[in-house]
2 protein chains.
Amino acid sequence: MIAPFRTERHDHEACLRDALARAEDICLHKGLRLTELRRRVLELVWSGHEPVRAYDLLDQLRGERRGAAPPTVYRALDFLQEHGFVHKIESLNAYVGCAEPTDRHGGQFLICGRCKAVAELDDPAIYETVRRRAEASGFTVQGQVIEVMGLCPRCAVTPDAPLAHNHEH
Amino acid sequence: MIAPFRTERHDHEACLRDALARAEDICLHKGLRLTELRRRVLELVWSGHEPVRAYDLLDQLRGERRGAAPPTVYRALDFLQEHGFVHKIESLNAYVGCAEPTDRHGGQFLICGRCKAVAELDDPAIYETVRRRAEASGFTVQGQVIEVMGLCPRCAVTPDAPLAHNHEH
DNA sequence: TTCATATTGTTATGGTATAACTCTGCGATA
DNA sequence: TATCGCAGAGTTATACCATAACAATATGAA
């Protein structure tokens, strides 16, 4: 199980730096082109641990790059998703960075309805239970979308405290 | 576990009739108003076991009801979802009927990528595994979105056979 | 250098969903 | 019976999400 919710000590600058370094490294080894645009979109998605919407990315890109348009961001997101650097949260139509990028892996997402933070699990017990029960119905499993809504540890405990910023979660 | 994939003998007219009768009955007992519009939208969603998109419903409504517009269908869908008569498939932005309506229950969906049929599971083993593993991370679970992509039993076995109609699946 | 191809730019459009205000019909109540 | 309040539905407008299609450009291999 990986990438749980961040604590108060979370150093997001280091977190972001590591994520970009991992991506660079993986692309180098696989012969993928992490272009300036793709790298920048990945960086923007990783600006926090909340899902980011495509048009928010686009708004930011427009400030930096003339002629940015929806395909600009969707194509970058397609690349990043295909190689496991980001995931789409289907129930939010939004995107989060992946801390453990492997090609086209699934993962399970815990989504805090209060602070909006998302944690990713890659829990084999969940994956296998879903696979086993689905195949018991004669279904052949090719992919799983698992998104769990609720409250992250901090928001469950202090539901009235002010929302901390992004980077502290 | 309920509502598996339909067999060749599936009598969809009876299936649809039962679904509408159940909805009528539940609304009667709960004091809910299954209006003409809501009943018709439910009927259209139940036209098959494939997810139906909101604007497809709208196109059909326009042929029957002057002034049908997006809110017409979304408001009906909101009512039907809230009371468990239909579910939204998040990964498809589409809606399916529910054979076992209970308020705001979750459910797990098996989605055939070939014939597009959807089967609903309400498997406590899946629900509990996801809940337990999420809460092991300190997360408080309020809802689950579980959508499994793959091949239904028939499409897995005869991937080259022509697609059967709707009602036979 | 030249070429094939991947990437990005550009314009347009399609698909999904809600806001906000109006109108209508129906039951509760004075 | 009058009228009030409200849920449901009509109506108009707009916001948000995503892709098609074609042009231009950059990149790396031969």
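Start by selecting helix H4 (70-82) of chain B: H4(B) gives the most to the surface near DNA strand D, with four residues. Helices and strands here are DSSP runs numbered from the N terminus (H or I, at least four residues, for helices; E, at least two, for strands), and "near" means a C-beta atom, placed from the backbone, within 6 Å. You're looking at a predicted model, where local features need pLDDT of at least 70, side-chain atom pairs count only at pLDDT 80 or more, and totals for chains, interfaces and linings use all residues. Residues are numbered from 1 along each chain as its sequence is written, while chains are lettered from A and ligands numbered from 1 in the order in which they are written.

**Around the DNA**

Stay at DNA strand D and show the 20 residues that surround it; the closest are A:Pro70, B:Thr35, B:Gly67, B:Ala69 and B:Pro71. Colour them by class and you get nine nonpolar, four polar and seven charged. (Ala, Val, Leu, Ile, Met, Phe, Trp, Tyr, Cys and Pro count as nonpolar; Asp, Glu, Lys and Arg as charged; the others, Gly among them, as polar.)

**The sheet across two chains**

Next, pick the strands in the order S4(A)-S3(A)-S5(A)-S5(B)-S3(B)-S4(B): an open sheet of six, with mixed pairing. Strands pair if DSSP finds at least two bridges between them. S4(A) and S4(B) stand at the edges with a single partner strand each, so one side of each has no neighbour in the sheet. From one strand to the next, the twist averages 20 degrees.

Zoom in where S5 (residues 140-151) of chain A meets S5(B): eleven bridges join these antiparallel strands. Label A:Gly143 and you'll find B:Met149 opposite. Further out, four bridges join S3 (residues 108-112) of chain B to S4(B), also antiparallel, with B:Gln108 partnered by B:Leu121.

Now add helix H5 (residues 124-135) of chain A, which lies across S3, S4 and S5 of both chains, at about 125 degrees to S5(A). Angles run from 0 to 180 degrees between N-to-C directions, with axes fitted to C-alpha atoms (for helices, over the stretch in contact).

**The chain contact**

Select the contact itself: 32 residues from chain B and 32 residues from chain A, where contact means C-beta atoms, placed from the backbone, within 7 Å. On the chain B side, S5(B) supplies the largest share, twelve residues. That side divides into 18 nonpolar, ten polar and four charged.

**Last stop**

Finish on A:Gly31, just after H1(A), which takes a positive phi of about 70 degrees.

Notes: Contact = placed C-beta atoms within 7 Å.
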